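Thanks for making time this morning. I would like to walk you through one model, going from single residues to helix packing and then to the backbone, so please have the viewer open.

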Amino acid sequence: MLGLLVALLLDKPGRFYNAMRSVFFTPMILSSVVVSVIWTRLLDTDGLVNQALRALGVHQPPAWLSDPDYALYSVASIISWQMLGFCVVVYLAGLQGVPVELQEASSIDGAGPIRRFRAVTWPLLAPALTINTVVLLISAFKTYDYIKVITNGGPGAGTTATIAFDVLQTGFDANHVGYASAMAVAMLVIVGVTTAVALWILRRREIDL
């Protein structure tokens with residue numbers, strides 16, 4: 001949803017909007033490990049984020065990465081921040097494929113901006129929605145490097161541990177290679193079934209539209 005909102009705001013001609021597109025896509029070219037290290041420093045107890053909050057009068061800012069109530073949301077926000085650029089690019093490609101004639105015809109018929117988006121733009125963005133949903137779904141299942149660098153599965157017992165993290169921890173740290181192989185096969189089945197169901201639902205939506 002955030003990627004779609006940003007894409008709608010940047011779907012305009014001009015150097016400024018071209019520059020902003022580059023700004024939003026820049027995190028995508030960074031290594032996930034680099035992104036994790038940067039945000040670990042920023043969200044540390046004495047990091048820039050908490051220093052800014054203290055400057056604004058917050059005496060006890062949250063422990064973003066060491067408090068079980070915040071850690072999972074912090075990691076999810078970091079991943080979303082990096083993947084935002086990918087979603088924006090895909091939605092921008094879809095928006096630029098919307099025929100101008102349809103927009104003008106709906107405007108002449110009296111449709112406002114919201115009505116034009118619901119009746120014209122959103123249905124034609126169905127392929128872009130399919131791509132973003134499937135890619136992000138698979139990426140979420142195989143998330144490991146962020147978890148390893150930022151929280152190592154903690155705080156506590158597996159607060160931020162993902163399936164891929166558990167598989168690699170079992171295979172390499174605990175040295176249970178056979179068990180980890182069985183977990184990986186189960187993960188493959190789960191990812192395959194989930195992706196197939198998502199594709200089936202989204203492609204049916206494309207046909208219905």
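Let me begin with a side chain that turns back onto its own backbone: the side chain of Thr195 reaches the backbone oxygen of Val191, at a distance of 2.7 Å. Please keep in mind throughout that this is a predicted model. Thr195 is found in helix 11, and it counts as buried because its relative accessibility is 11%, which falls under the 20% cut-off. If we set aside residues up to four places away in sequence, Thr195 touches Val134, Leu137 and Ile138.

A second threonine invites a similar look, this one in a loop. Thr143 is found between helix 8, residues 126-141, and helix 9, and with a relative accessible area of 8% it is buried. A polar atom of the Thr143 side chain lies 3.2 Å from the backbone oxygen of Ala140. Which residues does Thr143 contact once its neighbours within four places in sequence are left aside? They are Ile79, Thr162, Ala164 and Phe165.

Let me now turn to the packing of helices, and start with a general remark. Two packed helices are described by the angle between their axes and by the distance between those axes.

The pair I would like you to display is helix 5, residues 68-96, with helix 8, whose axes come within 9 Å and cross at roughly 160 degrees. An angle over 145 degrees counts as roughly antiparallel, and therefore helix 5 and helix 8 are described in that way. Their crossing is right-handed. On the helix 5 side the residues that meet helix 8 are Met83, Phe86, Cys87, Val90 and Tyr91, and on the helix 8 side they are Ala128, Leu129, Ile131, Asn132, Val135, Leu136 and Ser139. Sorted by class, the residues of this contact divide into 10 nonpolar and two polar, with no charged residue.

While helix 5 is on the screen, please find Gly94, which is found in that helix. Is Gly94 buried or exposed? Gly94 is buried, with a relative accessible area of 19%, a value that is under the 20% cut-off. The C-alpha atoms of Gly94 and Ala128 are separated by 5.9 Å, although these two residues are 34 apart along the chain.

Helix 5 also takes part in a crossing with helix 1, residues 2-10, where the axes come within 8 Å and the angle is roughly 55 degrees. That angle makes helix 1 oblique to helix 5, and helix 1 passes helix 5 in a right-handed crossing. From helix 1, the residues in this contact are Leu2, Gly3, Leu4, Val6, Ala7, Leu8 and Leu10, and they meet Leu84, Cys87, Val88, Tyr91, Leu92 and Leu95 in helix 5. By class, the contact has 12 nonpolar residues, one polar residue and no charged residues. Cys87 and Tyr91 are named here, and they are also named in the contact with helix 8.

One more residue belongs in this part of the talk. Leu30 lies in the loop between helix 2, residues 15-25, and helix 3, residues 32-42, and at 33% relative accessibility it counts as partly exposed. Leaving out residues up to four places away in sequence, Leu30 touches Val35 and Gln82. The C-alpha atoms of Leu30 and Gln82 are separated by 8.4 Å, with their positions 52 residues apart along the chain.

I will finish with the backbone, and again with a general remark. Most residues other than glycine have a negative phi, and most peptide bonds are trans.

Where in this model is there a cis peptide bond? A cis peptide bond joins Gly154 and Pro155, with omega at about -5 degrees. Pro155 is in the loop between helix 9, residues 145-150, and helix 10, residues 163-173. Asn152 is placed in the loop between helix 9 and helix 10 as well, and its phi is positive, near 55 degrees. At 43% relative accessibility, Asn152 counts as partly exposed.

Asn175 also has a positive phi, near 60 degrees, and it sits in the loop between helix 10 and helix 11, residues 177-208. Asn175 is exposed, because its relative accessible area is 58%, over the 50% cut-off.

Key: Residues numbered from 1 in each chain as written. Predicted model: local features only at pLDDT ≥ 70, side-chain atom pairs only at ≥ 80, totals over all residues. Heavy atoms only, no water. Helix = DSSP H or I, 4+ residues; strand = E, 2+ residues; numbered from the N terminus. Buried < 20%, exposed > 50% of the residue type's maximum accessible area, 1.4 Å probe, protein only. Polar contact = N/O pair within 3.5 Å; in protein donor to acceptor, adjacent residues only side chain to side chain. Contact = heavy atoms within 4.5 Å. Axes fitted to C-alpha atoms, helices over the stretch in contact; angles between N-to-C directions. Parallel < 35°, antiparallel > 145°, perpendicular 65-115°, else oblique. Left-handed = near helix turned anticlockwise from the far one by under 90°. Nonpolar A, V, L, I, M, F, W, Y, C, P; charged D, E, K, R; others polar.
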